[in-house]
Amino acid sequence: MNDTFDLIVIGAGPGGYHAAIRAAQLGLKTACIEKRMDGKNNAVLGGTCLNVGCIPSKALLDTSHHYVHTQHELAAHGIQVSNVALDVAAMMQRKMSIVEKLTQGISGLFKANGVENLAGHGKYLGNKKVEWTPANGEGAKILTAEHIIIAGGSEPVQISVAPLNNETIVDSTGALAFAAVPKRLGVIGAGVIGLELGSVWSRLGAQTTILEAQDVFLPLTDETISREALRTFKKQGLDIIFGARVTGCETAQQQVMVRYEKNGEAQTLTVDKLIVAVGRRPATQTLLAPGSGVNLDERGFIHVDAQCKTSNPNVYAIGDIVRGPMLAHKAMEEGVMVAELIAGHKKTTMNYEVIPAVVYTHPEVAWVGMSEQEAKARGENYKVGSFSFAANGRAMAAQENMGTVKIIAHQETDRILGVHIFGPQASEIIMQAVIALEFGASVEDLQLIIFAHPGLSEVLHEAALAVDNKAIHMAPRKRK
Ligand code: FAD
Ligand code: AMP
């Protein structure tokens, strides 16, 4: 193998593999170093997202949804089922085969595009040099590249009050691989990951309690939407305790006693499994040699500008290891942007204002752009409109008529500032809003578009009409 490249990417998660493939498409001689090994000790591509994040969590969310749906919702359709049983091993096997297919797919794409796939550990030494320690035990090699992209991603935050033991106290990775449904499950953190993993095991039968230190629920989501979502999740059986600060854990006889404080009072919760889901931190520890010229910011992320350039002119950093939302699609787009910049497309930029976020509960929560509370805080002169899935024919036919679409728009210009959704297929409907925001659409644009009937997306249309108090399937607000 030649040891000189146009580009070396460290990390093959969504950020790194997108960057590597796009760079190779553009004719750059590209290598990608990835240290991750799977349970069978094979080197795997795809990062957190494909191996222990987005994909396996969605596989389990879907299985657990089918389980609940079959048990509790089919009867209303006149479908009788009995003896519904869960096979956790089969569920895990299905999850693993999806992960395998996708990660092998990335290997295939690397081959097809001529990306040199280097299994092992990468470290940026500075001065265009990368140390690669191969996974097969061979000695470290020094590689050289004109450009480097650091895409090392993130790892779960650990807290001393709930130390992982990988048996009863686990992080998100452990929670994707329980061998059986725990009878009592505790989750620390009601963020996106805590909610999704809590939902999986709660739907499968675990009595689930989520302890959340803050008093607010999904703080980036519009309050109308997060309130409705919270009500629904509680009805579904998720016990979410706010203002609950975990102070310690005691483990004995395969159970965990979690100590926490609420309103200044000491409380306890005893569970069979505890998931620690208190956030993720950038994985910078072994990536940069002293003197690499790549600086971190005050929160420990690699410091970058709007085009992901670091303090070292030859080095870029993308994805979870830099500022911005820790989302796979944000990492992917940064990867593409940087590959194109390196290939000489100088004007390539990315619109950080329009990044969708989704919580894959059922129904889902999804949003893009400003919430009403953010519009207020920014001093925007805004107007809002919302419409409920309860009045939507398609949602009713599917027995999914729960939730709301809310639009926040500028009072004078009519430009859409944000769209927040709780409801069926919110993750898909939000993309229409993303396209609207990206094109700088006005509320009137959405009002004038013809939506197929019957469709869940009609709720977005009606919410746009509601902004100007002219929704058809809703009593009008009192006119001033
Ligand atoms: P990563 O995916 O973390 O990849 C970085 C890779 O770099 C890793 O494989 C790591 O092994 C490798 N690496 C690090 N250091 C080195 C080194 N020194 N040498 C070689 N290799 C190295 N996001 C969404 O958008 N949608 C979702 O539904 C979603 N669900 C999630 C569910 C869970 C349970 C979790 C944990 C995360 C989820 N995320 C989701 C977040 C998403 O996984 C991340 O935002 C995304 O993976 C970030 O991509 P990345 O390329 O920056 O880093
Ligand atoms: P996110 O950062 O979205 O993944 O969410 C993590 C959540 O965990 C946040 O809402 C935090 O408030 C919460 N959290 C962090 N530390 C604790 C703790 N010790 N006890 C309870 N909740 C916590």
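Modeller: Domain bounds come from an automatic or database domain assignment. The model here is predicted.

Biologist: Into which domains is the protein chain divided?

Modeller: The division gives domain 1 (4-155 + 281-352), domain 2 (169-278) and domain 3 (363-467). Taken over C-alpha atoms, the centres of domain 1 and domain 3 are 31 Å apart.

Biologist: Let us turn to the ligands. How many residues surround ligand 1, and which are the closest?

Modeller: A residue counts as near a molecule if one of its heavy atoms lies within 4 Å of it. For ligand 1 the shell has 37 residues, the closest being E34, T48, K58, G122 and A328. By class they are 14 nonpolar, 17 polar and six charged residues.

Biologist: Which helices and strands each supply at least two residues of the shell around ligand 1?

Modeller: They are α1 (14-25), β2 (30-34), α2 (47-52), α3 (54-73), β3 (116-126) and α8 (328-342). The largest share, four residues, comes from α2.

Biologist: What polar contacts should I look at around ligand 1?

Modeller: A polar contact is a pair of N or O atoms within 3.5 Å. A polar side-chain atom of H121 is 3.2 Å from a nitrogen atom of ligand 1. Two contacts use the backbone: a backbone N or O atom of M326 lies 3.3 Å from an oxygen atom of ligand 1, and a polar backbone atom of A151 is 3.5 Å from an oxygen atom of ligand 1. Ligand 1 taken alone exposes 990 Å², and the protein buries 95% of that.

Biologist: And ligand 2: how many residues surround it?

Modeller: There are 13, with G189, E212, A213, Q214 and A244 the closest. This shell holds eight nonpolar, four polar and one charged residues.

Biologist: Which side chains have a polar atom beside an oxygen atom of ligand 2?

Modeller: E212 places a polar side-chain atom 2.6 Å from an oxygen atom of ligand 2. For Q214, the distance from a polar side-chain atom to an oxygen atom of ligand 2 is 3.2 Å. V246 takes part through its backbone, with an N or O atom 3.4 Å from a nitrogen atom of ligand 2. On its own ligand 2 has 510 Å² of accessible area, of which the protein covers 71%.

Biologist: Next, burial. Why is helix α13 described as largely enclosed by the rest of the structure?

Modeller: Buried means under 20% relative accessible area. Ten of the ten residues of α13 (residues 458-467) are buried, so the helix is largely enclosed by the rest of the structure. Its buried residues pack against β19 (382-388), β20 (404-410), β21 (416-423), α11 (426-438) and α12 (443-448).

Biologist: Take one residue of α13, H461. What is its relative accessible area?

Modeller: H461, in helix α13, has a value of 17%, which makes it buried. A polar atom of the H461 side chain lies 3.4 Å from the backbone oxygen of I449. Leaving aside neighbours within four places in sequence, H461 is in contact with L446, Q447, I449 and F451.

Biologist: β21 was named among the packing partners. Is G418 of that strand buried or exposed?

Modeller: G418 lies in strand β21 and is buried, with a relative accessible area of 0%. Its contacts, neighbours within four places in sequence left aside, are V368, G369, M370, K406, I407, I408 and L437. K29 is 389 residues from G418 in sequence and 41 Å from it in space, C-alpha to C-alpha.

Biologist: Last, the backbone. What is usual for phi and for peptide bonds?

Modeller: Most residues other than glycine have a negative phi, and most peptide bonds are trans. In this model the bond from H362 to P363 is cis, with omega near -5°; P363 is in the loop between β17 (357-359) and β18 (364-369). The bond from H453 to P454 is cis, with omega near -5°, and P454 sits in the loop between α12 and α13.

Biologist: Where is N41, and what is its phi?

Modeller: N41 is in the loop between β2 and α2. Its phi is positive, about 65°, although N41 is not a glycine. N41 is exposed, with a relative accessible area of 58%.

Biologist: Is N469 buried or exposed?

Modeller: N469 is buried, at 12% relative accessible area. It lies in the segment after α13, and its phi is near 55°, a positive value in a residue other than glycine.

Definitions and conventions:
Residues numbered from 1 in each chain as written. Chains lettered and ligands numbered in written order. Predicted model: local features only at pLDDT ≥ 70, side-chain atom pairs only at ≥ 80, totals over all residues. Heavy atoms only, no water. Polar contact = N/O pair within 3.5 Å; in protein donor to acceptor, adjacent residues only side chain to side chain. Areas by Shrake-Rupley, 256 points an atom, 1.4 Å probe, with all protein chains shown as cover. Nonpolar A, V, L, I, M, F, W, Y, C, P; charged D, E, K, R; others polar. Buried < 20%, exposed > 50% of the residue type's maximum accessible area, 1.4 Å probe, protein only. Contact = heavy atoms within 4.5 Å.
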